[in-house]
Amino acid sequence: MVSEISYGNWLTHGSQVEEDAAKQCVQAALDEGITTFDTADVYAGTKAEEVLGRALHGVRRESLEIFTKVFWPTGSGQNDRGLSRKHITEAINGSLRRLQTDYVDLYQAHRFDYETPLEETLKTFDDLVRQGKVLYIGVSEWTADQIAQALKIADEMGFDRIVSNQPQYNMLWRVIETEIVPLSEKEGVGQIVWSPIAQGVLTGKYVPGQQPPEGSRATDKSGSAMISRFMRDDVLTRVQELKPVASDLGLSMAQLATAWVLQNPNVSSAIVGASRPDQVRDNVKAAGVKLEAGVLQRIDEVLGDVVERDASKTVSPRTRP
Ligand SMILES: NC(=O)c1ccc[n+]([C@@H]2O[C@H](COP(=O)([O-])OP(=O)(O)OC[C@H]3O[C@@H](n4cnc5c(N)ncnc54)[C@H](OP(=O)(O)O)[C@@H]3O)[C@@H](O)[C@H]2O)c1
């Protein structure tokens, strides 16, 4: 079981926000009933795991679900990356140390590694489960074919199966809907989705033709590259037109965006980010909100052709980064 809304610390902890603000966001998340926390070894060059470890220190371990990930480089060496036996085995030990815990609840392959045999990766993950360092295995941004291959190998070899996928999913980015979701529903894999608010864009705070608000992700040196895919006038204009939809329902824009991803029955949890505790308190109110079919249709009509639906946009690097 996971909380319907999870808290993630990409781009914030150890980077955009100071330690005090990071701890306040984690405390706000705990106060609001969030039990699931997502990080990755690569975030802020491993510093994000350390900050999360300190922020959760002293909280009863059994009351938390802690997720982390492996794949992207954590050092300059040729084996400080990817999903080889060597890197996964070394990476989990570093993550556990930084997170100050004996095990993580979910360990996720942060992308597909074309340079390691899939059997090697899955066997290594399975070994970590047997060692008690990891309770469940998930993947992130894998294609439907890659997930299907992994499930087939796991079934043939008697390995633990993948239980989750972590894709980008929000009103503007729906590329999982045609292939990944149908396969996952059939196979019992849940989606734990990232950037449900499109990194802040779906709050409507970025107005076309105007400078982004001071201190927002679009002005942050590490964040601005990733958010740029949505920072187009046509997208921002349509997003402004969602404001009456949210206000008619008595929801904030962030709540509408988060509630939208949770309407998909294959979505187990929406991982929200926050640079300030009041954002966590705002976003968490999306839990349990039901959006009627008419509302979903109105959203589709407003957004029209700015929605990305192309399944081929789920990609991993062809060679190790
Ligand atoms: N697996 C992957 O490859 C992958 C990739 C990316 C993310 N993730 C995971 O998903 C998590 C969430 O991603 P994300 O941070 O992009 O999610 P998000 O929830 O779409 O965006 C979060 C950002 O939006 C702004 N925001 C959030 N709530 C707001 C509110 N109520 N009002 C105004 N602004 C608000 C804040 O940025 P500002 O205040 O700075 O504007 C906040 O940091 C990450 O922490 C990570 O755990 C995974």
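## Notebook: the ligand and its surroundings

I began with the ligand and found 33 residues surrounding it, the closest being Asp38, Ser195, Lys205, Arg217 and Ser275. I keep in mind throughout that this is a predicted model.

**Entry on ligand contacts.** I next looked up polar side-chain atoms beside the ligand, and noted that one in His110 lies 3.4 Å from an oxygen atom of the ligand. For Arg111, an N or O atom in the side chain is 2.9 Å from a ligand oxygen atom, while in Ser140 a side-chain N or O atom is 2.8 Å from a nitrogen atom of the ligand. I then checked the cover over the ligand: of the 910 Å² of accessible area that the ligand has on its own, the protein covers 96%.

**Entry on the shell.** Which element gives the largest share of the shell around the ligand? I found that α11 does, with 3 residues. I also wrote down that β8 and α11, the latter spanning 277–283, each supply at least two residues of that shell.

**Entry on strand β1.** I turned to β1, residues 5–8, and asked whether its two faces are covered or open. Both are covered, since Ile5 and Tyr7 on one side are buried, as are Ser6 and Gly8 on the other. This arrangement made me recall that in a regular strand the side chains alternate between the two faces of the sheet.

I followed the pairing of β1 to strand β8 (residues 267–272), where the two run in the parallel sense over 3 bridges, and where Tyr7 has Val272 as its bridge partner. β1 also pairs with strand β2 (residues 36–38), again in the parallel sense, over 2 bridges. Here the bridge partner of Gly8 is Asp38, a residue that I had already listed among the closest to the ligand. Between β1 and β2 the chain passes through helix α1 (residues 19–31), and this β-α-β crossover is right-handed.

**Entry on strands β5, β6 and β7.** I then looked up β5 (residues 134–139), which runs parallel to β6 (residues 162–165) and is joined to that strand by 3 bridges, with Gly138 standing opposite Ser164. The chain goes from β5 to β6 by way of helix α5 (residues 144–157), in a right-handed β-α-β crossover. β6 in turn pairs with β7 (residues 190–194) in the parallel sense over 2 bridges, and Ser164 stands opposite Gly190 there. With helix α6 (residues 180–187), β6 and β7 make a right-handed β-α-β unit.

**Entry on helix α10.** Why do I call α10 largely enclosed by the rest of the structure? I do so because 10 of the 10 residues of this helix, 253–262, are buried. Among them are Met253, Gln255, Thr258 and Trp260.

**Entry on Asn79.** I found Asn79 in the loop between β3 (65–70) and α3 (85–99). Asn79 has a relative accessible area of 27% and is therefore partly exposed, a class that lies between buried, under 20%, and exposed, over 50%. I also noted its separation from Glu90, which is 11 residues in sequence and 9.6 Å in space, C-alpha to C-alpha.

**Entry on the record.** Last, I consulted the UniProt annotation, which comes from an unreviewed entry and gives "domain: NADP-dependent oxidoreductase" for residues 4–302. In the model, this span is 40% helix and 13% strand, and its end C-alpha atoms lie 26 Å apart.

Conventions. Residues numbered from 1 in each chain as written. Predicted model: local features only at pLDDT ≥ 70, side-chain atom pairs only at ≥ 80, totals over all residues. Heavy atoms only, no water. Buried < 20%, exposed > 50% of the residue type's maximum accessible area, 1.4 Å probe, protein only. Helix = DSSP H or I, 4+ residues; strand = E, 2+ residues; numbered from the N terminus. UniProt positions renumbered as here; feature names shortened; annotations may be inferred. Pairing = 2+ DSSP bridges. Right-handed = clockwise from strand over helix to strand, strands pointing away. Near = heavy atom within 4 Å. Polar contact = N/O pair within 3.5 Å; in protein donor to acceptor, adjacent residues only side chain to side chain. Areas by Shrake-Rupley, 256 points an atom, 1.4 Å probe, with all protein chains shown as cover.
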